[in-house]
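Biologist: I should like to learn how to read the surroundings of a ligand. May we go through an example together?

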Amino acid sequence: MLDLWFSEFHAPDAKLSILVKEQLYSEQTPFQKIDFFDSETFGKFFTLDGLIMITEKDEFIYHEMISNVPMAVNPDIKKVLIIGGGDGGTAREVCRFKTVEQVDMVEIDERVVRLCQKYFPQTACALDNDPRINLIFGDGLKFVQDAPEGAYDLILVDSTDPLGPGEGLFTTEFYRNCYRALNGKGILINQHESPYYKEYAYEMRRAHKKLASVFPIATVYQFYMPTYSSGHWLFGFASKGLDPVKDADFKRWSEFGLQNRYYNPGVHLGAFALPNYVQEELQKEDEKKQIAEALGWYPKVTLMMNDRLATIDEMISYIQHKGKNSLVEN
Ligand code: SAM
């Protein structure tokens with residue numbers, strides 16, 4: 001009998017592979033391709049455009065870290081906006097905090113929600129049962145643009161990578177609108193890519209620079225996510241004034257009485273103790289991008305390579321060999 005493996009490239013020459021017991025479902029929606037699989041080690045998992053979103057085995061790590069960190073920094077959070085998060089795991093975790101009164105969740109692709117309700121009741125359970133959740137199907141970018149000023153205590157951007165429908169959720173314009181939609185003690189947490197492999201680190205740096213240009217406090221925190229690229233993954237923490245370490249109130253957080261499997265106050269503090277190479281990456285000015293911008297061909301000009309956008313490095317090497325005039329303006 002043939003073995004069926006799901007593989008996801010984490011770098012051009014490194015990938016994660018999972019032996020698949022069964023492919024449960026596959027659908028192309030107007031936004032993305034959705035696939036559900038079953039496996040021995042990770043249980044059920046689903047992918048969007050070939051990238052793992054969640055697995056039964058490790059989703060608790062991501063969802064506990066996106067929700068508990070801001071709730072410890074401001075235990076008075078009542079109004080929450082989730083952008084994306086179609087599997088429902090973030091909504092499930094936020095709803096464990098009984099003091100939260102309203103959770104608006106804006107997901108662009110209704111099919112992700114409906115299919116997770118069928119195949120992933122473990123994460124989608126709160127979407128069916130909790131009356132505090134208002135499920136809205138639409139573009140998070142537009143929703144935040146139209147949101148009233150100061151409407152939310154917390155915005156959680158549980159998005160896909162900066163490709164396809166998730167791209168707009170990594171722009172300065174989106175971060176500015178989030179800033180406006182947050183009140184004075186507002187916190188923004190966003191899916192912030194990985195510091196490890198080059199392409200991911202590039203996206204991480206770009207997101208950080210944009211966030212830091214909008215919010216007075218902007219940093220990242222780390223967690224271990226076995227099925228994401230390199231396993232070393234980050235959330236961004238941005239706020240109008242609250243500091244993620246100095247303002248963390250673990251006494252009040254412990255009064256929520258939650259039984260977690262990953263998050264605890266020690267993990268919270270350690271998550272913000274960034275390894276030296278991550279600190280350096282975040283501080284690094286993107287020299288190549290500056291050069292490219294100064295030459296006036298980025299971002300006006302992009303280069304496709306094997307049906308994907310070329311990286312800055314690839315574009316520079318292409319231009320070195322072929323000359324700038326070989327590029328076509330967008
Ligand atoms: N934990 C996952 C990860 O980091 O890989 C993210 C999970 S969640 C499934 C991501 C969701 O973001 C998807 O369901 C996708 O449809 C949604 N999404 C992408 N772009 C969006 C947008 N502009 N507005 C609202 N939702 C969006």
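Biologist: How do the residues of the shell around the ligand divide into nonpolar, polar and charged?

Modeller: Please note that this is a predicted model. The shell around the ligand comprises 11 nonpolar, 10 polar and five charged residues. In total, 26 residues surround the ligand, and the closest are Gln-32, Glu-107, Asp-139, Gly-140 and Tyr-228.

Biologist: Which atom of Gln-32 lies 2.9 Å from an oxygen atom of the ligand?

Modeller: A polar contact is a pair of N or O atoms within 3.5 Å. For Gln-32, the partner of the ligand oxygen is a polar side-chain atom. The backbone takes part elsewhere: Gly-140 places a backbone N or O atom 2.9 Å from a nitrogen atom of the ligand, and a polar backbone atom of Ile-108 is 3.2 Å from a ligand nitrogen. Taken alone, the ligand exposes 600 Å², of which the protein buries 98%.

Biologist: How is empty space found, and where does the ligand sit?

Modeller: Rolling a probe the size of a water molecule over the atoms reveals where empty space remains. In this model, the ligand occupies the largest cavity, whose volume is about 420 Å³. Its lining has 34 residues, and those closest to the centre of the cavity are Leu-48, Met-53, Asp-158, Ser-159 and Thr-160.

Biologist: Which elements give two or more residues to that lining?

Modeller: They are S4, S5, helix H1 (59-73), strand S6 (79-84) and S7. S5 gives the most, with four residues. By type, the lining divides into 16 nonpolar, 12 polar and six charged residues.

Technical notes
Residues are numbered from 1 along each chain as its sequence is written. This is a predicted model: local features need pLDDT of at least 70, side-chain atom pairs count only at pLDDT 80 or more; totals for chains, interfaces and linings use all residues. Side-chain values use heavy atoms; hydrogens and water are left out. A residue is near a molecule or strand if one of its heavy atoms lies within 4 Å of it. A polar contact is a pair of N or O atoms within 3.5 Å; within protein, one must be able to donate a hydrogen and the other to accept it, and residues adjacent in sequence count only if both atoms are side-chain atoms. Accessible areas come from the Shrake-Rupley method with a 1.4 Å probe; for residues, only the protein chains shown count as cover. On a 1 Å grid over the protein atoms alone, a cavity is a set of points where a 1.4 Å probe fits but cannot get out, and a pocket is an open set with protein on both sides within 12 Å along at least five of seven lines; lining residues have an atom within 4 Å of a point. A molecule sits in a cavity or pocket if more than half of its atoms lie within 2 Å of its grid points. Ala, Val, Leu, Ile, Met, Phe, Trp, Tyr, Cys and Pro count as nonpolar, Asp, Glu, Lys and Arg as charged, and the others, Gly among them, as polar. Grid points are joined across faces, edges and corners, and a volume is the space filled by probe spheres set on the points.
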